Amino acid sequence: MSRIVALALVAFALAAPLGAQVCRPSASSNEAKTLAIFSVPLAFGPATAPEILPGIRVGLEGAYLPKVDPAKATPTICRPGQGPLNTDLVFALPRPRIGLPLPFGLALEASWIPPVRVAGAKANLFGLSLGKSFGRLDGLVAAIRAHGTFGSIRGPITCDDAALTELTSECFQGTRSDDKYSPNIFGADLSLGWTMAGGRLRPYFGGGYNRLEPRFQVNFTNQFGMVDSTRIELNLNRGVVFGGATWQLVERFGVTAEVYAAPADAVTERLVVRTAIGPH
């Protein structure tokens, strides 16, 4: 009986610090590089050419999720005994968007991905931006904008089904993880656009700055019943550039294609379809 009690106390002593561990990797770690790559498609980019007097718009965005090299997806600081993270849950991120005009020439745009599980991932993600445009209806238009992306994405990132059967993985014979990733992206950007083809085509380009404060919460139970709830925290600063064009197919319906990049991390492509609602 005394041996059983001793083993139980040892297991409890080991489980407590494992669950409470907070890891803060350096900016050069694989953890930082992986989370920075994740942030590129999740950043709430402009995804439209700047325009004067925008009306109410609703649209749907699809953003390509860049793949992470397995070597880079392998933790180096926080969980070094683990193999590559499962970073390819989905190929693209669908995101609805709605734009609303505000007084004083301001424009608000918002987005929400509801918590519906798709391909093992469940997002509850919000995007928000506030901007103002300057220029001429038929000429050059500049826009300044502040934006944020917050909320969470859950899924088997540390230990998916394949990792549970890998003999050399710490995930072996455990339970599939349900980890939580909170991107926490805040930034500002400036864009410049102009009109072509009688105003039907509006190319644009721009750049800005993003502050990344990602938080990653492991939620995994190993084969011995011990729960790993390691929390990874880091802060990064990134410059971004982007460019694209909005094509007005008909008066109230348009399509925008945009390339958005953080040169230090990754490049993503976005395609957005929008339609106007109400008076224009």
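**Disulfides in the predicted model**

Two disulfides turn up when the term is taken as a pair of cysteine sulfur atoms within 2.5 Å. The structure is a predicted model, so local features need pLDDT of at least 70 and side-chain atom pairs count only at pLDDT 80 or more, while totals for chains, interfaces and linings use all residues. Residues are numbered from 1 along each chain as its sequence is written, and side-chain values use heavy atoms, with hydrogens and water left out.

One of the links pairs Cys 23 with Cys 78, with the sulfur atoms sitting 2.0 Å apart. The torsion about its S-S bond comes out at about -85 degrees, so this disulfide is left-handed. Cys 23 belongs to strand β1 (residues 22-23), whereas Cys 78 is in the loop between β2 (56-64) and β3 (92-101), so the pair ties together parts 55 residues apart in sequence. Helices (H or I, at least four residues) and strands (E, at least two) are DSSP runs here, numbered from the N terminus. As for exposure, Cys 23 and Cys 78 are both buried, meaning under 20% relative accessible area, with exposed being over 50% and partly exposed in between (1.4 Å probe, protein chains only).

Then there is Cys 159, joined to Cys 171 with an S to S distance of 2.0 Å. This link is left-handed, with -65 degrees about the S-S bond. It connects distant parts of the chain, 12 residues apart: Cys 159 is in the loop between β7 (141-155) and α3 (161-164), and Cys 171 in the loop between α3 and β8 (179-182). Cys 159 and Cys 171 are buried.

With the bonded cysteines of the protein numbered in sequence order, the pairing reads 1-2, 3-4.
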